[in-house]
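Biologist: Please show me the structure, and let us then examine the reasoning behind the terms used to describe it.

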Amino acid sequence: MNKPNRIDQVRRTPSDIHSIHNGEGYPVILIHGLAASLYDWTDLIPELNKAGYESYAIDLPGHGQSKKPENKTDFNINFVFTSFCNWLEEMQIDHPLTIIGHSLGAYIAIKYALLYPDRVISLILCDPFYTISQLPFILRLNYKYSLIDTSFIAKVPGWMVRYVIDFTSLFIRNGYELPQNIREQTAIDYKRAHPEIFQIVQSIKDLSPFFYSIKQPTLVLWGSRDQTLDIASFPMVLAKIPKASGGAIAGAGHVPHQSHSTEFNQQVLAFLGNLYHPK
């Protein structure tokens, strides 16, 4: 893979990107998925800090409290990745990184490890999104031809968004109802995200041909009932990354780090413990 041609052209200032920094110890970077925010990691961050790790969580461009790009053409994966790289450079972290990414965040984590392998000591990939073919057919059509005008999301009342999330949590999440605080935060994240973020998916390139080049220890976890991405696509990640381990979290949907946070956190901490404090 070649470095994105915009990496030396796009410059982001610290005020453009919202992030939080907690704890002391080995650095762990956390990257949320599409239409989410750094609050995805509310349950994991305290556990990381208690275990002696330093955590950095980011709101990607167009998400959360980060700046919303004014130019619609900036809503592509190269711009998002470049912004992430520049933010990470501004953090001036000396030690090699563990990067945790969920869905779209996992795409960014994988790409960063491929381009800058000396900067990454390990990866943790949660329901990783690495090719548009993982999406259901109707979603692939929408992202390819923009069948749905996503600008309506900003006009929908917050109570209606919360209702939809409550309703779909029983079906898309396979009968598992997310805790109220998570449902409320998800509604907030959808409302404040820029509608054009969904166009980022159009620019995704298949990363699977490069999995063999990832030499770092990698933990891959996914929900056994994920209906957002094809669950058959996740075992291939395990098979193609040389030092990958992990598996499905039973009964979880697309967000096991939220719906099944206890089990997810335990596996993450065990993986990091074996990496940094082997017996």
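Modeller: The discussion below takes up several descriptions in turn and sets each one against its definition.

Biologist: What kind of model is this, and how many helices and strands are in the protein chain?

Modeller: This is a predicted model. The protein chain contains nine helices and seven strands. Of its 279 residues, 53% count as buried.

Biologist: What is the mean pLDDT of the protein chain, and where is the pLDDT below 50?

Modeller: The mean pLDDT of the chain is 82, and 76% of the residues reach 70 or more. Over residues 1-13 the pLDDT is below 50, although this stretch has 30 contacts in the model beyond near neighbours in sequence. Residues 145-150 also stay under 50, with nine contacts beyond four places in sequence. Where pLDDT is low, the predicted coordinates should not be read in detail.

Biologist: Why is Phe81 called buried?

Modeller: The term requires a relative accessible area under 20%. Phe81 has a relative accessible area of 0%, and therefore it is buried. This residue is found in helix α2.

Biologist: What makes α2 largely enclosed by the rest of the structure?

Modeller: Eleven of the 15 residues of α2 are buried, and the helix is therefore described as largely enclosed. Among these buried residues are Ile77, Val80, Phe81, Phe84, Cys85, Trp87 and Leu88. The buried residues of α2 pack against β1 (19-22), β2, β3, β4 and α3. From its first C-alpha to its last, α2 reaches 21 Å, close to the 21 Å expected at 1.5 Å a residue.

Biologist: Why are the rings of Phe84 and Trp87 called a tilted pair?

Modeller: Two rings pair if their centres lie within 6.5 Å, and planes neither under 30 degrees nor over 60 apart count as tilted. The centres of the Phe84 and Trp87 rings are 5.9 Å apart and their planes are at 40°, so the pair is tilted. The two residues are three apart in helix α2, which means that about one helical turn separates them. An α-helix has 3.6 residues a turn, so residues three or four places apart point the same way. Phe84 is buried at 0% relative accessibility, and Trp87 is buried at 1%.

Biologist: Why, then, is the pair of Tyr130 and Phe211 called edge-to-face?

Modeller: Here the ring centres are 5.1 Å apart and the planes are at 70°, so the pair is edge-to-face. The angle for that class must be over 60 degrees. The pair links distant parts of the chain, since Tyr130 is in the loop between β5 and α4 (137-145), Phe211 is in the loop between α6 (180-192) and β6, and they are 81 residues apart. Both Tyr130 and Phe211 are buried.

Biologist: How many aromatic pairs are there by this rule, and which residues do ring pairs link into a cluster?

Modeller: The count comes to eight aromatic pairs. Ring pairs link Phe81, Phe84, Trp87, Tyr112 and Tyr116 into a cluster. Within this group, Phe81 and Tyr112 are 31 residues apart in sequence, and their C-alpha atoms are 8.2 Å apart in space.

Biologist: Which residues touch the most other members of the largest nonpolar core, and which element gives the most to this core?

Modeller: Among its 50 residues, Ile29, Ile31, Phe84, Ile99, Tyr112 and Leu125 touch the most other members. The elements giving two or more residues to the core include β2 (26-31), α2 (77-91), β4 (97-102), α3 (104-115) and β5 (120-126). With ten residues, α3 gives the most. A second, separate core of 21 residues includes Leu30, Ile45, Ile249 and Phe271. In soluble globular proteins, nonpolar side chains tend to be buried together.

Biologist: How many disulfides does a search of the whole structure find?

Modeller: The search finds zero disulfides. A disulfide would need a pair of cysteine sulfur atoms within 2.5 Å. As for individual cysteines, Cys85 is buried, because its relative accessible area of 9% falls under the cut-off of 20%. Cys126 counts as buried at 0% relative accessibility.

Biologist: How close is the span of helix α9 to the expected value?

Modeller: Helix α9 (residues 261-276) has 16 residues and reaches 22 Å from its first C-alpha to its last, close to the 22 Å expected at 1.5 Å a residue. Its buried residues include Phe264, Val268, Phe271 and Leu272.

How values were computed. Residues are numbered from 1 along each chain as its sequence is written. This is a predicted model: local features need pLDDT of at least 70, side-chain atom pairs count only at pLDDT 80 or more; totals for chains, interfaces and linings use all residues. Side-chain values use heavy atoms; hydrogens and water are left out. A nonpolar core is a set of buried Ala, Val, Leu, Ile, Met, Phe, Trp, Tyr and Cys residues joined through side-chain atoms within 4.5 Å. Buried means under 20% relative accessible area, exposed over 50%, partly exposed in between (1.4 Å probe, protein chains only). Helices (H or I, at least four residues) and strands (E, at least two) are DSSP runs, numbered from the N terminus. The expected span of a helix is 1.5 Å times one less than its number of residues. pLDDT is the predictor's confidence in each residue, from 0 to 100. Contact means heavy atoms within 4.5 Å. Rings of Phe, Tyr and Trp (its six-membered ring) pair if their centres lie within 6.5 Å; planes under 30 degrees apart count as stacked, over 60 as edge-to-face and the rest as tilted.
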